[in-house]
Amino acid sequence: MNQTESIVYRRVETIDPLTYRDLLVSSGFTGVWPVDDLDRMRRMIAGASLLVAATRGGQLMGVARCVTDFAWICYRSELAVSKEAQGLGVGKGLIDKVREVLGPDVSLALMSYEESFGFYRRIGMQQRSDAFWFGRER
Ligand SMILES: CC(C)(COP(=O)(O)OP(=O)(O)OC[C@H]1O[C@@H](n2cnc3c(N)ncnc32)[C@H](O)[C@@H]1OP(=O)(O)O)[C@@H](O)C(=O)NCCC(=O)NCCS
């Protein structure tokens, strides 16, 4: 069995906030996720409607966190793959699993930081210019 064959993608009900925080940090992303506010991280997980995890031998490698009605649209909130697992297809595998769980009736939307534009283009997502946004105040 090679490195990528042993990776398991599955929907999970919850993730420990500390574990999730550590994964986000270990992805090397330097953007604006509230990794120093564990209570907010806990609320982010509690309020999600779809969490997909990638594991290998029980080790968490990546997570996609989403909010969806399972009927029309899904908003992917974060996607993170730990630094040592990047480049193995885990990010694509997580998005594929999210789409498999959602099925053909549900569209998938997300906001991306510029560093990741190439990834979303590479996995075939359509880049659009018709998104609107009110920023959070804190
Ligand atoms: C972006 C991220 C999720 C990609 O995950 P990954 O597991 O490394 O990506 P994959 O191995 O599934 O890559 C799939 C394809 O996209 C390409 N790709 C990955 N990241 C890329 C990037 N930043 N720019 C261009 N192409 C990229 C890969 O080379 C691969 O191409 P291939 O099909 O030719 O092999 C991961 O790098 C990450 O967690 N980054 C930090 C957090 C982050 O930026 N999250 C997104 C916030 S919007």
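**Notebook: loops, cores, rings and a helix pair**

I started at Phe70, which sits in the loop between strand 3 and strand 4. The model is predicted, and I kept that in mind throughout. I looked up the backbone of Phe70 and found a positive phi of about 60°, although Phe70 is not a glycine. Next I checked exposure. Phe70 has a relative accessible area of 35%, so I logged it as partly exposed.

**Loop between strand 4 and helix 3**

I took two residues here. Gly87 is located in the loop between strand 4 and helix 3. Is Gly87 buried or exposed? Its relative accessibility is 80%, so it counts as exposed. I also took a C-alpha to C-alpha distance from Gly87 to Ala46: 29 Å in space, with their positions 41 residues apart in sequence.

Ser82 lies in the loop between strand 4 and helix 3 too. Its relative accessibility is 4%, so Ser82 counts as buried. What does Ser82 touch, not counting residues up to four places away in sequence? I found Leu23, Ser26, Ser27 and Met61.

**Nonpolar cores**

I turned to the largest nonpolar core, which has 19 residues. Which of them touch the most other members? The list reads Cys74, Val90, Leu94 and Val98. I then asked which elements give two or more residues to this core. They are strand 2 (50–56), strand 3 (59–68), strand 4 (73–81) and helix 3 (90–102). Helix 3 gives the most, with five residues.

I followed Val98 further. Leaving aside neighbours within four places in sequence, Val98 is in contact with Leu50, Val52, Ala64, Cys66, Cys74 and Leu108. I also noted a second, separate core, this one of 15 residues. Its members include Val12, Ile15, Ile45 and Ala80.

**Aromatic rings**

How many aromatic pairs are there? I counted three. In one of them, the ring centres of Phe29 and Trp33 are 4.3 Å apart and the planes stand at 40°, so I recorded the pair as tilted. Phe29 is partly exposed, at a relative accessible area of 22%. Trp33 is buried, at 17%. The cut-off for buried is under 20%, so the value of 17% puts Trp33 in the buried class.

I looked at Phe119 and Tyr120 next. They form an edge-to-face pair, 5.0 Å centre to centre with 70° between the planes. Phe119 is partly exposed, with a relative accessible area of 28%. Tyr120 has 9% relative accessibility and counts as buried. I then checked for clusters. Ring pairs link Phe29, Trp33 and Tyr113 into one.

**Helix 1 against helix 2**

My last entry is on helix 1 (residues 17–26) and helix 2 (residues 38–47). Their axes are 9 Å apart, and the packing angle is about 100°. Why do I call helix 1 roughly perpendicular to helix 2? Angles of 65 to 115 degrees count as roughly perpendicular, so the angle of about 100° qualifies.

Which residues make the contact? From helix 1 I listed Pro17, Leu18, Tyr20, Arg21 and Leu24. From helix 2 I listed Leu38, Met41, Arg42 and Ile45. By class, the contact of helix 1 with helix 2 has seven nonpolar, no polar and two charged residues. I noted Ile45 twice, since it makes contact here and is included in the second core.

Terms used. Residues are numbered from 1 along each chain as its sequence is written. This is a predicted model: local features need pLDDT of at least 70, side-chain atom pairs count only at pLDDT 80 or more; totals for chains, interfaces and linings use all residues. Side-chain values use heavy atoms; hydrogens and water are left out. A nonpolar core is a set of buried Ala, Val, Leu, Ile, Met, Phe, Trp, Tyr and Cys residues joined through side-chain atoms within 4.5 Å. Buried means under 20% relative accessible area, exposed over 50%, partly exposed in between (1.4 Å probe, protein chains only). Helices (H or I, at least four residues) and strands (E, at least two) are DSSP runs, numbered from the N terminus. Contact means heavy atoms within 4.5 Å. Rings of Phe, Tyr and Trp (its six-membered ring) pair if their centres lie within 6.5 Å; planes under 30 degrees apart count as stacked, over 60 as edge-to-face and the rest as tilted. Axes are lines fitted to C-alpha atoms, for helices over the stretch in contact, and angles run from 0 to 180 degrees between N-to-C directions. Ala, Val, Leu, Ile, Met, Phe, Trp, Tyr, Cys and Pro count as nonpolar, Asp, Glu, Lys and Arg as charged, and the others, Gly among them, as polar.
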